[in-house]
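Have the sequence open next to the 3D view for this one. We'll walk over the surface patches, then look at how charged side chains pair up.

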Amino acid sequence: MSATTTSTPMSEVLQLQRSAFHRDGPPSAALRRDRIDRFVHAVVSHSDDLVASISADFGHRPEVTTLVSDVTTLAIEAELTRARVGAWMRPRHPWGRVGGAAGRLAGLRTQVQPSPLGVVGVMGIWNYPINLTAIPALSALAAGNRVMMKMSELIPNTSEVFANAMHDAFDVEELAVLTGDVTVSGEFASLDLDHLFFTGSARTGSAIMAAAAKNLTPVTLELGGKNPVVISEKTAADRSAMRRAAERVALSRIANAGQTCVSPDDVYVPELATRSFVQEVFNAWGRVVPDMFEENEVTTLINDAAYDRVVNLIEDAAAKGAQVIGSMRSDDDGEEALRAARILPPTVILGVTDEMEIAHEEVFGPVLAVHTYDDVDDVIDLLAEKPAPLVATWYGPHDPEFAAFVARTRSGSVSRNDFAVSQSLPGIPFGGVGRSGMGAYHGKAGFDTFSHLRAVVGSELPLSLATLVTPTSDTRLLKAVRQGIAGYAKVLERRRRR
């Protein structure tokens, strides 16, 4: 049976995989490594086709973007997982070696066994269609599960190439790739899966979670949010550090045309340095954007709706008093050509206020809102009140101000002095908190997400716990317990007086 299962009812695919899971039991480390190898080989061996199909689905996307962000990242994650999956599978001893030995001498044997969940569903997104779909699927395979994948409906060419590649590598009992429109996605989220992983917007994530809740299916949600960047006063006072920070922010905002869940939306800059920061941002864009156009290496926005949405955010801000500064000037014909190609020149917006839509909406386009501040504590307080983003970024030294930024704000992760380092390094847990998601993956975090940490405890004690909690006419046990609690209360009281 084909791994492309649009012609097979999803419920039948689920039953096939669940029956196979129960029939075969947890796979060995060797089989898990074999599945990892087959999975990654299917992607790498079709990388040329995937590059072409992703570019076709976008309208245009540079080859290097796909090879680095989708293919290479998967290969690095796979090698780390392959090397360590055997160790991750081993039973864990919560009491440690000394405590475990003491427990065995006393007649207790304790283990925590990482057990596969069963059948895991992975719902991908279009902006990094291999990375954000394949890496969680890889983690689920490493944890010993069967996997059903649903590709985004916005990338039909990529979905077909990917599904056919997986069909050649896997039987549908191991892994199945489903394609189709939003109706198929809704049905997929409603399946009685053992775990559901979703990457996308908070709005869609809420709907996915509601659908999964009908079956009490646990979910991992990797969402997004308005990722803030703070330029510290020390960085702003150092000309070279300021130039470096501005360049990195500028390039991170146009990576994948801003269609990245960890792209910076808002930058907070000391007031006296704001003008020079904005100038350095445009200088950075001026060094790379013309060459991108000349070499036809510009990533386009995914569709007309995405383009119109970003333009509407800009126009709404301008209508409500913001200053909009574009990176390119063109006549009406030039603007129309860019519109037809879904290319939006990088843009800075100053003077964003709370009534503007862009103050609350994740942009997902090459638009950067720059805010000024006098006291960094005010920025930290402001960010603490906002919904938690997927990543918060700080440009500056690792000093007490940075420590306060980490301690007093909430975010899925924190990056310092660069873009996406908290997401890109292998083995580092990646995920959101609050409205930016729940749960994490990458490395061991991904293995644990798709495992059940199952306690296995045995007793050779001569006395049963049931005996201890059963009422009896012998009051000696009750007196001993009362004395123990009273003694513990005295210990607690002494602690409070210290």
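What follows is a short tour of surface patches and salt bridges.

Keep in mind that this is a predicted model, so no experiment stands behind the values below.

Let's start on the outside, with the greasy part. L463, L465, L468, V469, L477, V481 and I485 make up a nonpolar surface patch, and together they expose about 680 Å² of accessible area. Two elements contribute two or more residues here, namely α19 (465–468) and α20 (476–497). Of the contributors, α20 gives the most, with three residues. L463 sits in the loop between β15 (451–459) and α19. How accessible is L463? Its relative accessible area is 47%, and that puts L463 in the partly exposed class because the class for exposed residues begins over 50%.

Helix α20 comes back when you switch to colouring by charge. K490, R494, R495 and R498 form a positive patch on the surface. R494 belongs to helix α20, and with 45% relative accessibility this arginine is partly exposed.

The opposite sign turns up elsewhere. D48, D49, E63, D291, E294, E295 and E297 gather into a negative patch on the surface. At least two of its residues come from α3 (47–58), and at least two from α12 (274–294). E295 is found in the loop between α12 and α13 (304–319). Its relative accessible area is 54%, so E295 counts as exposed.

Now for the charges that do find a partner. Side chains of opposite charge can pair when their charged atoms come close. How many salt bridges does the structure hold? The count is 26. A few of them deserve a closer look.

Take D399 and K234, whose side chains meet in a salt bridge with an N to O distance of 3.1 Å. D399 is in the loop between β12 (391–395) and α16 (400–408), while K234 is in helix α10 (residues 233–237), so this pair ties together parts that lie 165 residues apart in sequence. Is D399 buried or exposed? It is buried, with a relative accessible area of 9%.

R253 and D265 make another salt bridge, at 2.8 Å from N to O. Here R253 comes from helix α11 (residues 239–254) and D265 from strand β8 (residues 264–270), so the parts being tied together are 12 residues apart in sequence. Both partners, R253 and D265, are buried.

Next comes R339, which forms a salt bridge with D308, the closest N and O atoms being 2.9 Å apart. This pair links distant parts of the chain, with R339 in helix α14 (residues 332–341) and D308 in helix α13, 31 residues apart. R339 is partly exposed at 24% relative accessibility, and D308 is also partly exposed, at 31%. Beyond single pairs, salt bridges with shared partners join R23, D24, R146 and E173 into one network.

One last stop gives you a feel for distances. G25 is in the loop between α1 (10–24) and α2 (29–44), and its relative accessibility of 22% makes G25 partly exposed. If you pick G25 and E401 in your viewer, you'll find them 376 residues apart in sequence and 51 Å apart in space, C-alpha to C-alpha.

Methods:
Residues are numbered from 1 along each chain as its sequence is written. This is a predicted model: local features need pLDDT of at least 70, side-chain atom pairs count only at pLDDT 80 or more; totals for chains, interfaces and linings use all residues. Side-chain values use heavy atoms; hydrogens and water are left out. Patches are made of residues with over 30% relative accessible area and no salt bridge: like charges are joined within 9 Å, nonpolar side chains (Val, Leu, Ile, Met, Phe, Trp, Tyr) within 5 Å. Accessible areas come from the Shrake-Rupley method with a 1.4 Å probe; for residues, only the protein chains shown count as cover. A salt bridge is a side-chain nitrogen of Lys or Arg within 4 Å of a carboxyl oxygen of Asp or Glu. Helices (H or I, at least four residues) and strands (E, at least two) are DSSP runs, numbered from the N terminus. Buried means under 20% relative accessible area, exposed over 50%, partly exposed in between (1.4 Å probe, protein chains only). Lys and Arg count as positive and Asp and Glu as negative; His and the chain ends are not counted. The place of a charge is taken as NZ of Lys, CZ of Arg, CG of Asp or CD of Glu.
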